[in-house]
Amino acid sequence: LTQRGGGDVEVEALVSISDVSAYYKDYRATGVNGEFALRRVGDDWVFGETPVTAASVDVGVVAREISAFVLWTGAEVQVRGASAAVLGGGVTAAPFSYYPATGYAAVEVRLVELSLAEVLALEGDDIAGTGRLNGVIPLRVLDDAVTVEAGRVKAAPPGGSIRISEGLLLSTTQPGLDFALRALQNFDYSLLEADVDYAENGDLQLAVRLQGRNPDIEAGRPIHYNLNVSENIPLLLRSLRLQDQVTRQVERRVKN
């Protein structure tokens, strides 16, 4: 404790966290580490730029090797150098500020060499693929609700493959859709691009452009797709967490 000239008391404290696990709603972080030199003057708490790491954060999809530099000035949390390993690749974030009073932040997230195989595996066993995805996702957070407008994802050259199951093809009842799905049973793409929008209610909208060939259809002539894909991400993540819980329970019973 330090008595300042104006009568205020300055409080300084060094807070260290090591290999801590934390929970927030359905999210879980493990292996959190950091050392914060906290200062309090009047009603304000602040700390200087501090490296913070975590072994993993699980929101249904697991991110690993999380790291960032964090600075707190009282009304504003500044973050730079944020990165994580996820879905067979990585994500990074440009420097940004978060304002706790309003729950606001604007964050440019870059996707780096994500595995299309791991992304499609989130949808189950009916679709698989190969390739690497890069992109820019402009996140906006307000009152802790996340939205995305005009994000862009693109597969790295030379492309890859997409394979859908026979079962998915047989379950289709919409006229005109059978040809598109048959082509995707053995599709080699040279171009895969998607425009990304994400609404506050959790609805993800993808406008996907695909160009490629299926060697088994019409002598492998070029095929171009324009697809609109919708998914409710909170429902998907809850489903993935439930699947993971069931898998762990089955594994424990087998071991016992």
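In this predicted model, buried residues account for 34% of the 256 residues in the protein. The chain is built with 4 helices and 16 strands. As for how far contacts reach along the sequence, take those between residues at least 6 apart: 44% of them join residues at least 24 apart.

Much can be said about the inside of the protein by starting with its nonpolar core. In soluble globular proteins, nonpolar side chains tend to be buried together. Here, the largest nonpolar core holds 51 residues, and F187, Y189, L192, L210 and Y225 are the ones with the most contacts inside it. Strand β14 gives the most to this core, with 6 residues; the strand itself runs over residues 187-198. Y225 is a handy place to look around from. Setting aside residues up to four places away in sequence, Y225 touches F179, A180, A183, L184, F187, V208, R209 and L210. Two of the names on that list, F187 and L210, also turn up among the residues with the most contacts in the core.

Strand β14 also carries charged residues, and E193 is one of them to look at, sitting in this strand. Is E193 buried or exposed? The relative accessible area of E193 is 15%, which is under the 20% cut-off, so E193 counts as buried. Beyond its neighbours within four places in sequence, E193 is in contact with V153, K154, A207, V208 and R209. With K154 there is something extra: the two side chains are joined by a polar contact of 3.5 Å.

A little further along the strand comes D195, whose side chain meets that of R209 in a salt bridge, with 3.3 Å from N to O. This pair links distant parts of the chain, since R209 belongs to strand β15 (residues 203-213) and D195 to strand β14, 14 residues apart. How accessible are the two partners? R209 has a relative accessible area of 23% and is partly exposed; for D195 the figure is 23% too, and this residue is likewise partly exposed. The story doesn't stop at a pair, though: salt bridges that share partners tie R152, K154, E193, D195 and R209 into one network. R209 is also on the list of residues that Y225 touches, and it appears among the contacts of E193 as well.

How many salt bridges does a search of the whole structure find? The total is 8. One of them pairs E49 with R80, whose closest N and O atoms are 2.7 Å apart. Distant parts of the chain are linked here too: E49 lies in strand β4 (residues 44-58) and R80 in strand β6 (residues 77-86), with their positions 31 residues apart. E49 is partly exposed at 42% relative accessibility, and R80 is partly exposed as well, with a relative accessible area of 37%. R80 has another partner of a different kind, as its charged end sits over the ring of F69, 4.6 Å from the ring's centre. Another salt bridge joins R110 and E108, with the closest N and O atoms 3.5 Å apart. Both ends are partly exposed, R110 at 40% relative accessibility and E108 with a relative accessible area of 36%.

Aromatic rings make up the last part of the picture. A pair of aromatic rings is described by the distance of the centres and the angle of the planes. The count of such pairs in this model comes to 3. In one of them, the rings of F36 and F47 have centres 5.0 Å apart and planes at 65°, so the pair is edge-to-face. F36 lies in strand β3 (residues 27-41) and F47 in strand β4, so the pair ties together parts that are 11 residues apart in sequence. Both F36 and F47 are buried.

F47 has a second ring partner in W72. Their ring centres are 5.9 Å apart and their planes stand at 75°, so this pair is edge-to-face too. It links F47 in strand β4 to W72 in strand β5 (residues 62-72), 25 residues apart. The two rings sit in different surroundings: F47 is buried at 11% relative accessibility, whereas W72, at 28%, is partly exposed. Put together, the ring pairs link F36, F47 and W72 into a cluster.

Definitions and conventions: Residues numbered from 1 in each chain as written. Predicted model: local features only at pLDDT ≥ 70, side-chain atom pairs only at ≥ 80, totals over all residues. Heavy atoms only, no water. Helix = DSSP H or I, 4+ residues; strand = E, 2+ residues; numbered from the N terminus. Buried < 20%, exposed > 50% of the residue type's maximum accessible area, 1.4 Å probe, protein only. Polar contact = N/O pair within 3.5 Å; in protein donor to acceptor, adjacent residues only side chain to side chain. Contact = heavy atoms within 4.5 Å. Salt bridge = Lys/Arg side-chain N within 4 Å of Asp/Glu carboxyl O. Core = buried A, V, L, I, M, F, W, Y, C linked by side-chain atoms within 4.5 Å. Phe/Tyr/Trp six-rings, centres within 6.5 Å; stacked < 30°, edge-to-face > 60°. Lys NZ or Arg CZ within 6 Å of the ring centre and 35° of its normal.
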